[in-house]
Amino acid sequence: MTSSTRKVVKEEGVWSVEGRPRETIKLISHHRPPNIPGKSLITLLVTLPPNAATPPHTHGGAAVLALMVRGASLNQMNDDEPRVYREGESFYEAPGCHHVRGENACEGEGEEASFYAVFVVDDEDFEKGGYKGLVVLDAEKEEEENRKE
């Protein structure tokens, strides 16, 4: 299934892929290292419950390094082919990367997948968007643009 055939819907104020469960996100840390002025390092723990999928999104100009800590996750960036990442593997999203597909890819029924996502973001961008600005859903952006018209 390509990203273009996946239907993103809004139910009870929450965007999802075809009504599937969404990821949960927990803030782990937020640092401003003195050796990289103007930047923040933010770590999130992302958990994908069974059958979960994330709607297409970007990361507000941040660079993101993700490290799988449990299970498996299928990811597709930009026009690249989808790829499954397993425990101990990592993937990288450059600033401006379009994360078009993200899904729990665990083989066992009822198994969660989780990964740490480490963001390197400009403090100025973070001040504008806060933690919510770290994950910008295509559907939310489109909805906002339609409201302005």
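Biologist: What makes Glu144 and Arg147 a salt bridge?
Modeller: Their closest N and O atoms are 3.4 Å apart. A salt bridge needs a side-chain nitrogen of Lys or Arg within 4 Å of a carboxyl oxygen of Asp or Glu, so the pair counts. Mind you, this is a predicted model, where local features need pLDDT of at least 70, side-chain atom pairs count only at pLDDT 80 or more, and totals for chains, interfaces and linings use all residues. Residues are numbered from 1 along each chain as its sequence is written, and side-chain values use heavy atoms, with hydrogens and water left out.

Biologist: Why is Arg147 called exposed?
Modeller: Its relative accessible area is 57%. Exposed means over 50%, buried under 20%, and partly exposed in between (1.4 Å probe, protein chains only), so Arg147 is exposed. Glu144, at 35%, is partly exposed.

Biologist: Why is Arg101 called buried?
Modeller: Arg101 has a relative accessible area of 9%, so it falls under the cut-off for buried. Glu103 is at 9% and counts as buried too. The two form a salt bridge, with the closest N and O atoms 2.8 Å apart, and they are linked with Arg6 and Arg20 in a network of salt bridges.

Biologist: How do you know that Asp122 and Lys39 form a salt bridge?
Modeller: The closest N and O atoms are 2.2 Å apart, so they pass the distance test. The pair links distant parts of the chain, 83 residues apart: Asp122 in strand E12 (residues 113–122) and Lys39 in strand E4 (residues 39–48). Strands are DSSP runs of at least two residues, numbered from the N terminus.

Technical notes:
Helix = DSSP H or I, 4+ residues; strand = E, 2+ residues; numbered from the N terminus.
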